[in-house]
Amino acid sequence: MIHKLPGRQRVVIEAVKPEIDCGRFPIKRVHNERVTVQAAVFADGHDEIAAQLLYRNEGGHTWHSLPMQRDRGDSFSASFQVEGPSSYSYTVQGWVDRFATWRKDFAKKRQAGQPTEKELEIGRKLVESALPYAGQERADRLKERLESIEGAATGEERAALLMDESLATLVRPCVAPERITTYERTLRVLVERKRAAAGAWYEFFPRSAPAEGREHATLTDAARLLPEIARMGFDVVYLPPIHPIGHTNRKGKNNSVTAEPGDPGSPWAIGSGEGGHTSVHPRLGTEEDYLAFTEQVREQGMEPAMDLAFQCAPDHPLIAEHPEWFKWRPDGTIQHAENPPKRYEDIVPFDFECDAWQSLWEAARDIVLYWAERGIRIFRVDNPHTKPFVFWEWLLQETRRAYPDLIFLSEAFTRPSVMKRLAKLGFSQSYTYFTWRNTKEELEAYVTELTATETAEYLRPNFWPNTPDILPEYLQYGGRAAFVIRLVLAATLSSCYGILGPAYELMEDRALPGREEYLDSEKYQIRQWDRERPDRLNDLIARINDIRRHHAPLRQTRNITFLESANEHILAYMKTIEASDELIVVTVNLDPFHHQEGGIRMPLEQLGMGFDQPYLLHDLLGEERYFWQGDWNSIGLDPQVLPARIFLVRKRMRKEEDFDYFM
């Protein structure tokens with residue numbers, strides 16, 4: 001029926017950004033970040049258009065409105081700041097601004113010398129027509145303006161009052177509701193605390209930190225390492241699973257299917273007669289010991305993270321208590337984890353789509369809540385890509401309902417579509433392919449995808465040069481320089497990064513032949529490390545993390561711009577933020593074997609710098625200083641000395657300040 005059509009809504013709203021999958025998923029922000037919304041807003045004809053951004057916090061009933069500014073053509077934008085952890089909603093409205101259209105046409109007619117007396121009355125009536133749609137305060141101000149217009153002595157005075165920009169601002173939002181087009185979707189923002197967007201992670205196996213005379217360390221022993229980890233500047237301390245390890249089909253050294261007496265097994269084979277996911281391995285200590293360890297982490301200014309692995313060892317108590325949660329073979333044996341032709345007989349996966357799936361899901365949720373009640377707020381999730389997407393969406397929402405400050409890191413080295421789906425569902429951070437991106441072309445293309453496409457709105461990368469499962473070939477063969485290069489890249493390309501220690505700071509490069517896996521991996525055995533080795537990277541790591549902590553551009557990821565480099569082995573990029581004039585430029589020699597040099601082009605015009613103006617680069621790693629001038633300047637990087645530079649750029653220099661700077 002024609003009377004039900006929105007006949008007075010002439011405005012069209014399209015191409016709203018950010019918007020993920022037609023609004024199916026929220027974008028991500030952290031506390032105090034801004035959301036900039038863009039939209040194409042237009043109508044038929046040549047009338048002027050007004051647009052506004054509406055937003056509100058979760059549970060709020062009142063929409064806040066912001067006028068959107070025209071950027072170019074039909075593109076409008078506005079931004080709002082979010083607080084969290086929480087969630088927000090936003091949408092866009094647009095309408096024909098009849099008074100603005102009148103002002104535009106009136107100005108053209110006057111310029112053309114056409115009669116405008118009748119036009120002044122039309123303008124006055126348009127102001128008057130806004131009164132029914134103005135709030136009390138705005139209506140009172142409009143009435144004062146109307147009185148002034150009506151009392152004007154001359155047409156010129158009336159025209160000046162009607163053409164006043166402040167009057168146009170008053171009138172603009174006062175429009176009949178039936179004339180307003182509201183975007184067809186309400187979009188969402190998931191707002192997390194700041195740790196979700198920035199942090200340096202340190203992972204280590206607590207059992208490999210024994211006190212003298214002990215083979216298997218306790219959590220009390222492991223706590224002795226915390227001051228040094230804090231000195232190195234890490235923000236998050238992450239331990240592999242701390243739960244009892246299964247005895248049935250326990251793996252031996254180097255992933256052997258047969259364990260020798262004394263082999264501790266893989267921590268990811270969770271559960272035995274000693275307990276399951278809410279228990280602590282008795283050789284590590286008690287639950288009280290674990291909570292004391294986490295408190296010591298916090299006392300050192302860091303935050304503990306727990307591994308969340310929804311899988312069982314064959315002798316996990318849940319298998320006897322809830323056989324309905326697992327798959328069983330026709331011969332009555334339980335289905336072990338498989339990735340044919342590989343078989344993992346020390347692991348039994350849950351059947352997340354079993355007939356009793358609801359009780360299984362609730363039990364998984366309760367494991368998270370159990371540890372959250374005991375103060376854990378960060379979970380690194382093992383292999384989430386092997387569990388249903390719908391399960392994760394439900395679990396993340398359920399647990400955040402009770403603890404909004406929870407952070408979840410997705411450990412999913414899998415297909416891009418799967419990794420992205422997990423991020424959309426609500427994982428705070430994601431492991432990435434950075435581990436295997438080595439060349440300049442690879443790094444630029446991958447980081448650009450993560451920071452300058454729609455992916456950046458929902459996937460926060462966490463860069464890991466190594467993990468318990470992965471020792472990349474670059475680290476196997478590149479020597480000390482390779483470890484330094486990958487460390488600098490991880491720590492400066494992304495605001496979130498992590499390392500597996502002490503393998504990383506001790507530059508452990510021994511791998512299984514033909515594999516990207518550690519020889520004598522800590523996953524399957526206890527390692528005795530010489531943590532005081534003179535050539536360790538601890539001091540360099542501490543310096544890099546200190547630079548990250550004191551220079552805000554390095555605590556963001558999306559603010560990166562790659563710079564032109566005349567040498568294919570030299571990667572150069574800059575980071576800056578709107579709220580600061582601080583500029584960081586990083587140059588890295590990607591060749592761990594040879595000295596490389598070449599020109600780097602600074603985008604002087606983009607940075608507001610003159611071509612004839614010298615500028616100072618202070619290397620925060622090596623404490624050297626350089627004067628550059630113009631856009632192209634040369635740099636040399638020796639991998640045997642220092643294969644990278646992290647420059648603080650002083651864009652403008654005054655003579656007196658320069659003198660003080662060098663003193």
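**Figure 1. Overview of the chain and its long-range contacts.** Of the contacts in the protein chain with a separation of 6 or more, 74% are between residues 24 or more positions apart; contact here means heavy atoms within 4.5 Å. Please keep in mind that this is a predicted model, in which local features need pLDDT of at least 70, side-chain atom pairs count only at pLDDT 80 or more, and totals for chains, interfaces and linings use all residues. Residues are numbered from 1 along each chain as its sequence is written, and side-chain values use heavy atoms, with hydrogens and water left out. The secondary structure comes to 18 helices and 31 strands, taken as DSSP runs (helices H or I, at least four residues; strands E, at least two) and numbered from the N terminus. Along the principal axes, the C-alpha atoms fill a box of roughly 105 × 70 × 45 Å.

**Figure 2. Burial, surface and charge across the chain.** The protein chain has 663 residues, and 55% of them are buried. Buried means under 20% relative accessible area, exposed over 50%, and partly exposed in between (1.4 Å probe, protein chains only). About 29,800 Å² of the chain is exposed, with carbon and sulfur atoms supplying 48% of it; accessible areas come from the Shrake-Rupley method with a 1.4 Å probe, and for residues only the protein chains shown count as cover. The chain carries 82 positive and 101 negative charges, and their mean positions are 4 Å apart. In this count Lys and Arg are positive and Asp and Glu negative, while His and the chain ends are not counted; each charge is placed at NZ of Lys, CZ of Arg, CG of Asp or CD of Glu.

**Figure 3. A patch of negative charge on the surface.** Here you can find Glu137, Asp140, Glu144 and Glu147 gathered in one negative patch. Patches are made of residues with over 30% relative accessible area and no salt bridge, with like charges joined within 9 Å and nonpolar side chains (Val, Leu, Ile, Met, Phe, Trp, Tyr) within 5 Å. Glu144 belongs to helix α3 (residues 136–150) and is exposed, with a relative accessible area of 52%.

**Figure 4. Arg110 and its surroundings.** Arg110 sits in helix α1 (residues 98–111) and is partly exposed at 38% relative accessible area. Neighbours within four places in sequence aside, Arg110 is in contact with Thr116, Glu156 and Ala159. For a wider view, look to Pro264: this residue and Arg110 are 154 residues apart along the chain, and their C-alpha atoms are separated by 89 Å.

**Figure 5. The salt bridge between Asp97 and Arg172.** The structure holds 54 salt bridges, each defined as a side-chain nitrogen of Lys or Arg within 4 Å of a carboxyl oxygen of Asp or Glu. In this one, the side chains of Asp97 and Arg172 meet at 3.3 Å, N to O. Asp97 lies in the loop between β8 (86–96) and α1, and Arg172 in the loop between α5 (165–171) and β9 (181–182), so the pair ties together parts that are 75 residues apart in sequence. Asp97 is buried, at 5% relative accessibility, whereas Arg172 is partly exposed, with a relative accessible area of 27%.

**Figure 6. Glu303 and Arg193, a buried pair.** The side chains of Glu303 and Arg193 form a salt bridge (2.6 Å, N to O). Glu303 is in strand β13 (residues 303–308) and Arg193 in the loop between β10 (187–192) and β11 (199–203), so parts that are 110 residues apart in sequence are tied together by the pair. Both Glu303 and Arg193 are buried. Elsewhere, salt bridges that share partners join Glu121, Arg124, Glu128, Glu150 and Arg158 into one network.

**Figure 7. A salt bridge between Glu184 and Arg185.** The closest N and O atoms of Glu184 and Arg185 are 3.2 Å apart in this salt bridge. Glu184 is exposed, at 63% relative accessibility, and Arg185 is partly exposed, at 23%.

**Figure 8. Backbone details worth a look.** Most residues other than glycine have a negative phi, and most peptide bonds are trans. The peptide bond from Lys17 to Pro18 is cis, with omega near 0°, and Pro18 is in the loop between β1 (12–17) and β2 (27–30). Another cis peptide bond runs from Pro340 to Pro341, with omega near 5°; Pro341 is in the loop between β15 (337–339) and β16 (342–344). Ala15, in strand β1, is not a glycine yet has a positive phi of about 50°, and is exposed at 52% relative accessibility. Glu623 also has a positive phi, of about 65°; this residue lies in the loop between β28 (615–619) and β29 (625–628) and is partly exposed at 39% relative accessibility.
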